[in-house]
Amino acid sequence: MIRVFVIDDHPIVRHGFAQLFAVEPDLELCGQAADPRSALAALAAAAPDVVIVDVSLGDASGIDLIDDLKQLVPHAHVLVVSMHDEQLYAERSLRAGAAGYVMKHEAAGAIVRAIRTVAAGGLFVSEAVSARLLRRVATGARDESSPLGALSNRELHVLELIGRGLGTREIADLLHISVKTVESYRARLKEKMNLRSGTELTRFAVRWATDERKRDTGNGT
């Protein structure tokens, strides 16, 4: 029996996983959480074999959470299941310590295969992501497919928070960093995204975050 813990901030998604596991004889839902705090409080006792986590958990970053998961339940394998673009987030998730990345819109069978694959110690990504990673290994080329690809995980998270309407002080408090550090992130974002002003940065961030939220809320499992 593969014990699976689900971390997703959408109740309908967590319910969908529960229904999915109920018809799979080797999968068991051993716990669920909507945010990092409640997940970390419950994970050790749940003793999962696989932890499913979304990229975005409200204002928190699922990718940042992966390191905490690996330290708290080192025997468990992390599988990222998200609507966020795999071309932007799959490799970031693997580098953070996840064993796989699968899009929520994939058929239930693909998600089940992903769970079984990572539970057995394997890696799971789509054919498109796998081919891209192999090309990069073979050629040594960097991912320059979009300006977003050049951002660090923290820069991308700050961009998302700006797009959600948070101000500099709010972002600093949420991430437990100084206002000056947030201002440095904003400056780097403008430079990397080739944006001329803070207003342009905010407009871009709002458009991008809105598109990402539409993807993330317009589906179930």
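How many cavities of 30 Å³ or more does a search of the whole structure find? The search, run on what is a predicted model, finds one. Before turning to that cavity, it is useful to follow the sheet and its helices.

Five strands form an open sheet, arranged in the order 2-1-3-6-7 with parallel pairing. Strand 2 (27–33) and strand 7 are the edge strands, each pairing on one side only. From one strand to the next, the twist averages 25 degrees. Helix 1 (residues 11–22) packs on this sheet and touches strand 1 (2–7), strand 2, strand 3 (50–53) and strand 6. The direction of helix 1 makes about 165 degrees with that of strand 2.

At the strand 7 edge, the pairing can be followed residue by residue. Strand 6 (residues 77–82) and strand 7 are joined in the parallel sense over four bridges, and valine 80 stands opposite tyrosine 101 in strand 7. Together with helix 4 (residues 86–96), which completes the unit, strand 6 and strand 7 make a right-handed β-α-β arrangement.

In a regular strand, side chains alternate between the two faces of the sheet. Strand 7 (residues 100–103) can be read in these terms: Gly100 and Val102 point one way, while Tyr101 and Met103 point the other way. Which of these residues are buried? All of them are, although strand 7 is an edge strand.

The largest cavity holds about 80 Å³ of space. Its lining consists of Val55, Ser61, Ile63, Tyr89, Arg92, Asn153, Leu156, His157 and Glu160. Helix 4, already met in the β-α-β unit, and helix 7 (153–163) each supply at least two residues of that lining. Which helix gives the most to the lining? Helix 7 does, with four residues.

The largest pocket is a separate feature of the description, with a volume of about 420 Å³. Sixteen residues line this pocket, and Pro36, Ala60, Ser61, Leu174 and His176 lie nearest its centre. Several elements each supply at least two residues of the pocket lining: helix 2 (36–46), strand 5 (60–61), helix 3 (62–72), helix 7 and helix 8 (168–175).

Two points link the cavity with the pocket. Ser61 is among the residues lining the largest cavity, and Ser61 is also one of the residues nearest the centre of the largest pocket. Helix 7 likewise supplies residues to the lining of the cavity and to that of the pocket.

Key
Residues numbered from 1 in each chain as written. Predicted model: local features only at pLDDT ≥ 70, side-chain atom pairs only at ≥ 80, totals over all residues. Heavy atoms only, no water. Buried < 20%, exposed > 50% of the residue type's maximum accessible area, 1.4 Å probe, protein only. Pairing = 2+ DSSP bridges. Right-handed = clockwise from strand over helix to strand, strands pointing away. Axes fitted to C-alpha atoms, helices over the stretch in contact; angles between N-to-C directions. Contact = heavy atoms within 4.5 Å. 1 Å grid on protein atoms, 1.4 Å probe; cavity = no way out; pocket = protein on both sides within 12 Å on 5 of 7 lines; lining within 4 Å. Points joined across faces, edges and corners; volume = space filled by probe spheres on them.
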